[in-house]
Amino acid sequence: MKCDKCGFVSFDHNLACPSCNKDLGSLRHRLGIHYTPPETTFDEFFAGSSGAYQTAAGPPKEPEAELDFDSVDDEFEFTLDD
């Protein structure tokens, strides 16, 4: 979003211009930007303390298939294609 007063380009969630401190409420309304701040902080969200992010319950799943490197020869040929 670009400030009408000084021309500084900032994020849409700013209520005031970080450069000149002009209120951006009328510009946000004119552009149809309706920003609601999140209910939790970034750290709370990913730590799981807010309850907003839940991990899958239970032990980790076993891989469905494993690679068998014993049946592979010792020589490999690598090529690079442009």
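This passage walks through the fold, the core and the noteworthy contacts of a predicted model.

Taken as a whole, the protein contains two helices and zero strands. Its accessible surface comes to about 7900 Å², and carbon and sulfur atoms account for 53% of that area. Of the 82 residues in the protein, 11% are buried. Among the contacts with a separation of 6 or more, 12% involve residues that sit 24 or more positions apart.

A good place to start looking inside is the largest nonpolar core. This core has six residues, namely Met1, Cys3, Cys17, Leu24, Leu27 and Ile33. Cys17, one of these six, belongs to the segment before helix 1. With a relative accessible area of 3%, Cys17 is buried. Apart from residues up to four places away in sequence, Cys17 touches Cys3, Cys6, Phe8, Lys22 and Leu24; two of these partners, Cys3 and Leu24, are also listed in the core. Gly7 offers a useful reference point here: Gly7 and Cys17 are ten residues apart in sequence, and their C-alpha atoms are 9.4 Å apart in space. Another core member, Ile33, is in contact with Met1, Asp12 and Arg28 once its neighbours within four places in sequence are left aside.

With cysteines in the core, readers may well wonder about disulfides. The count comes to zero disulfides, where the sulfur atoms of a pair would have to lie within 2.5 Å. Cys6 is in no disulfide, and the nearest cysteine sulfur, that of Cys17, is 3.6 Å away. The same holds when the pair is viewed from the other side, as Cys17 is in no disulfide and has the sulfur of Cys6 as its nearest cysteine sulfur, at 3.6 Å. The two residues can also be placed by their exposure: Cys6 is partly exposed, with a relative accessible area of 38%, whereas Cys17 is buried at 3%.

Polar residues also appear among the buried positions. Ser10, found in the segment before helix 1, counts as buried at 12% relative accessibility. Leaving aside neighbours within four places in sequence, Ser10 is in contact with Met1, Pro18 and Leu24. Asn14 is likewise found in the segment before helix 1, and its relative accessibility of 16% counts as buried. Beyond its neighbours within four places in sequence, Asn14 is in contact with Met1, Leu24 and Arg28. Met1 and Leu24 therefore turn up in the contact lists of both Ser10 and Asn14, where contact means heavy atoms within 4.5 Å. Met1 and Leu24 are both members of the largest nonpolar core as well.

Turning to charged side chains, the structure holds one salt bridge. It is formed by the side chains of Asp4 and Arg30, with a distance of 3.2 Å from N to O. Asp4 lies in the segment before helix 1 (25-31) and Arg30 lies in helix 1, so the pair ties together parts that are 26 residues apart in sequence. As for solvent, Asp4 is partly exposed, with a relative accessible area of 46%, while Arg30 counts as exposed at 55% relative accessibility.

Two further positions deserve a brief look. Asn21, in the segment before helix 1, has a positive phi of about 65 degrees although it is not a glycine. At 61% relative accessibility, Asn21 counts as exposed. Thr36 lies in the loop between helix 1 and helix 2 (42-47). Thr36 is exposed too, with a relative accessible area of 64%. Its C-alpha is 8.2 Å from that of His13, although the two residues are 23 residues apart in sequence.

Key:
Residues numbered from 1 in each chain as written. Predicted model: local features only at pLDDT ≥ 70, side-chain atom pairs only at ≥ 80, totals over all residues. Heavy atoms only, no water. Salt bridge = Lys/Arg side-chain N within 4 Å of Asp/Glu carboxyl O. Helix = DSSP H or I, 4+ residues; strand = E, 2+ residues; numbered from the N terminus. Buried < 20%, exposed > 50% of the residue type's maximum accessible area, 1.4 Å probe, protein only. Core = buried A, V, L, I, M, F, W, Y, C linked by side-chain atoms within 4.5 Å. Areas by Shrake-Rupley, 256 points an atom, 1.4 Å probe, with all protein chains shown as cover.
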